[in-house]
Amino acid sequence: MPDNVDASEQMVDNWTKQIQETAARYQAMAARMQGQTVTERSKDNTIEVTIDAKGLLTNLAISEAASGKKMAEVSAQVMRLVQLAQSRIPELLQQAMAETVGTTDETASRVIAEAQSTFPEAPPEENLAPAEPERHHRFGPDDEEPPPPASSAPPQPKPIPRRRRSQDNDDDDFGGSILS
C-alpha cells in the first residue's frame, strides 16, 4: 500500500509541476503580447495609426498633406487602417504563442480562434470616400426651381373643456367639504 501512496504523491507532484510550467509559459506569452503594437500607414503616408495588442488605438498621426483631402476620405482611411492593424493581432498572438506556449495546446487554439473572431480580416480596399449625393445643375428661365410650398400654419391645439361647477357643491372640486 505504501507504493500506491508514493505513486499518487509523485503523480500529484508531476501535475503540479506541469501546471506551474504551463502557467509560466502563458505568463511569458502575455508579457510578450503586452508590449506589442501594430502600425499601419496610408499609401500616400498622410495617415498613420498605431494600435496595441488589445486592438485599441494608441496613436493617430495625420500629416498636413491630408488637409487637401475631403474629410470623409480621411476618416474612411483612418477606419480602414485601424481595421487593417487590428486584423494583424491574431497573427502576432499566434507567433507569440508558438514561441512560448506552443500552438498544439487546445487552450492556445481557442485563444487564437477568439482573436480571429474579434479581429477579422480587414475588408478589401475599395472606394474609401462615401459616395457624394447627386447634384443637379439648372440653367435658363425654364429650369428655375419651383417656389417653396406655401407654409401651412401649425395645427391649433384643441381647447381643453372646462369642468362646470355644480351649484350645490361650492368646494373647489375637491369632492366634498373639508369639514365633514
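Helices (DSSP runs of H or I, at least four residues) and strands (DSSP runs of E, at least two residues) are numbered here from the N terminus. The model shown is predicted, so local features need pLDDT of at least 70 and side-chain atom pairs count only at pLDDT 80 or more, while totals for chains, interfaces and linings use all residues. Residues are numbered from 1 along each chain as its sequence is written, and side-chain values use heavy atoms, with hydrogens and water left out.

**View 1. The whole chain comes to 4 helices and 3 strands.**
Read along the sequence, these elements follow the pattern α-β-β-β-α-α-α. Of the 180 residues, 23% count as buried, where buried means under 20% relative accessible area, exposed means over 50%, and partly exposed lies in between (1.4 Å probe, protein chains only). Among the contacts with a separation of 6 or more, 55% are between residues 24 or more positions apart; a contact here means heavy atoms within 4.5 Å.

**View 2. Strands β1 and β2 run antiparallel and are joined by 5 bridges.**
Two strands pair if DSSP finds at least two bridges between them. Strand β1 (residues 37-41) has a covered face, formed by V38 and E40, and an uncovered one, formed by T37, T39 and R41. Across the pairing, E40 has V49 in β2 as its bridge partner. The hairpin has 5 residues between its strands, and N45 has its place in this loop between β1 and β2. N45 is not a glycine, yet has a positive phi of about 60°. Most residues other than glycine have a negative phi. At 56% relative accessibility, N45 counts as exposed.

**View 3. E40 is a buried residue of strand β1.**
The relative accessibility of E40 is 13%, and E40 therefore counts as buried. A polar contact of 2.7 Å joins the side chains of E40 and R88; such a contact is a pair of N or O atoms within 3.5 Å, and within protein one atom must be able to donate a hydrogen and the other to accept it, while residues adjacent in sequence count only if both atoms are side-chain atoms. Leaving aside neighbours within four places in sequence, E40 is in contact with I47, E48, V49, L81, L84, A85 and R88.

**View 4. The largest nonpolar core has 17 residues.**
A nonpolar core is a set of buried Ala, Val, Leu, Ile, Met, Phe, Trp, Tyr and Cys residues joined through side-chain atoms within 4.5 Å. In this core, Y26, M29, M33, V38, I51, L93 and M97 touch the most other members. The elements that give two or more residues to this core are α1 (2-34), α3 (89-100) and α4, and α3 gives the most, with 5 residues. Not counting residues up to four places away in sequence, I51 touches Q36, T37, V38, L56, L57, T58, A85, Q86 and I89. Apart from this core lies another, of 7 residues, among them A66, V74, V78 and L81.

**View 5. Helix α2 (residues 71-86) has the span expected for its 16 residues.**
The expected span of a helix is 1.5 Å times one less than its number of residues. For α2 this gives 22 Å, which agrees with the 23 Å between its end C-alpha atoms. The buried residues of α2 are V74, A76, Q77, V78, R80, L81, V82, A85 and Q86, and what covers them includes β1, β2, β3 (57-62) and α3.

**View 6. Helix α3 has 12 residues and reaches 16 Å from its first C-alpha to its last.**
That reach is close to the 16 Å expected. In α3, I89, P90, L92, L93, A96 and M97 are buried. They cover an arc of only 160° around the axis, which puts them on the same side of α3; the arc is that of the directions from the helix axis to the C-beta atoms. After α3 comes G102, whose phi is positive, near 100°.

**View 7. Helix α4 (residues 106-118) has 13 residues and reaches 18 Å.**
In α4, A108, I112 and A115 are buried. Seen down the axis, the buried residues of α4 fall within an arc of 60°, so they line one face of the helix. An α-helix has 3.6 residues a turn, so residues three or four places apart point the same way. On the other side of α4, E106, R110, E114 and S117 are exposed. The N-terminal end of α4 is capped by D105, with a side-chain oxygen 3.1 Å from the backbone nitrogen of T107.
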